[in-house]
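Trainee: Could we go through this structure together? I should like to begin with the charged pairs and then turn to the strands.

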Amino acid sequence: MTPIATIEGAIFSAADFRRRVLEDGEGVAEREDREARDIGDHILNPSVRLSGEGIRLKDAAVLVPVIDDGDEARVIFTQRTKTLRNHSGQISFPGGGIDAQDRSPEEAALRETEEEIGMSRRFIETVGRMPDYISGTGFRIKPVLAVVRPGFMLTPNPAEVDEVFEVPLSFLMDPANHSRGSRMFQGRERFFYEMPYGERYIWGITAGIVRSIYERFYS
């Protein structure tokens with residue numbers, strides 16, 4: 001049997017991930033409004049005006065898909081095409097804008113996942129939601145946490161996704177793999193989290209969401 005992956009006693013199976021989310025105190029949804037202001041790009045950039053009066057944020061939802069595959073869960077990411085208007089060429093979670101017909105952020109995340117990578121929602125169990133992540137690019141992102149049953153098939157949409165890949169949950173939840181980077185943007189130095197994984201460069205909003213999951217459930 002493959003040994004259970006641990007860091008300081010943590011277990012990185014999908015079952016344990018589900019347990020941590022479901023047992024999270026009051027529950028994510030009940031604390032969302034109170035904690036939303038504490039999650040986002042502004043955490044590392046307190047002196048930069050990222051949101052506020054006069055700025056209308058666009059609502060979006062992403063799915064954080066944790067594959068239930070024994071003791072070593074993996075998380076699905078996409079490499080966005082370079083032709084997309086927003087965050088082109090970057091690594092992201094499946095997701096996109098919340099449409100008027102979407103009944104909930106969960107519905108939007110599931111729909112976008114089907115459209116982007118062709119994963120059927122019958123394999124997906126949503127288990128919780130993080131507080132809104134406010135991005136410096138004008139989005140209010142609702143990260144939907146999910147456990148994915150093995151056996152799914154993927155058909156990436158070539159207009160939106162160049163590639164789909166997986167990263168071990170144990171790697172993502174290890175703070176030793178989290179570092180802070182910076183770039184000049186509009187004359188100011190902007191800071192962000194980055195988590196290089198082999199040839200993959202996970203950074204910005206996606207890395208910020210991963211970091212917030214670590215801080216909430218694994219730190």
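Mentor: The following exchange covers salt bridges and then strand pairing in a predicted model.

Trainee: How many salt bridges does the structure hold?

Mentor: The structure holds 20 salt bridges. One of them joins the side chains of Glu125 and Arg18, with an N to O distance of 3.0 Å.

Trainee: Which parts does that pair tie together?

Mentor: Glu125 belongs to strand β5 (residues 124-129) and Arg18 to helix α1 (residues 14-22), so the salt bridge ties together parts that are 107 residues apart in sequence. Glu125 counts as partly exposed, at 34% relative accessibility.

Trainee: And what forms a salt bridge with Asp24?

Mentor: Arg216 does, and the closest N and O atoms of the two are 2.9 Å apart. Arg216 sits in helix α5 (residues 204-217), while Asp24 is in the loop between α1 and α2 (28-35), so this pair ties together parts 192 residues apart in sequence.

Trainee: Are Arg216 and Asp24 buried or exposed?

Mentor: Both Arg216 and Asp24 are buried. Each therefore has under 20% relative accessible area.

Trainee: What about Asp69; with which residue does it form a salt bridge?

Mentor: Asp69 pairs with Arg74, and their closest N and O atoms are 2.8 Å apart. Asp69 is partly exposed, with a relative accessible area of 40%. Arg74 is partly exposed as well, at 23%.

Trainee: Which residues are linked in a network of salt bridges?

Mentor: Asp99, Asp102, Arg111, Glu112 and Glu115 are linked in such a network.

Trainee: Let us change topic to β1. How many of its residues are buried?

Mentor: Strand β1 (residues 58-67) is mostly covered, as 8 of its 10 residues are buried.

Trainee: In what sense do β1 and β7 pair?

Mentor: They pair in the parallel sense, over 10 bridges, with β7 spanning residues 139-148. Within this pairing, Leu63 has Val144 of β7 as its bridge partner.

Trainee: How many bridges join β1 to β4, and how many join it to β2?

Mentor: Strand β4 (residues 95-97) runs antiparallel to β1 and is joined to it by 3 bridges. There, Gly95 of β4 is the bridge partner of Val62. Strand β2 (residues 74-80) also runs antiparallel to β1, with 2 bridges between them. Val66 stands opposite Val75 in β2.

Trainee: And what lies between the strands in the hairpin of β1 and β2?

Mentor: That hairpin has 6 residues between the strands, and Gly70 takes a positive phi near 80°.

Definitions and conventions: Residues are numbered from 1 along each chain as its sequence is written. This is a predicted model: local features need pLDDT of at least 70, side-chain atom pairs count only at pLDDT 80 or more; totals for chains, interfaces and linings use all residues. Side-chain values use heavy atoms; hydrogens and water are left out. A salt bridge is a side-chain nitrogen of Lys or Arg within 4 Å of a carboxyl oxygen of Asp or Glu. Helices (H or I, at least four residues) and strands (E, at least two) are DSSP runs, numbered from the N terminus. Buried means under 20% relative accessible area, exposed over 50%, partly exposed in between (1.4 Å probe, protein chains only). Two strands pair if DSSP finds at least two bridges between them.
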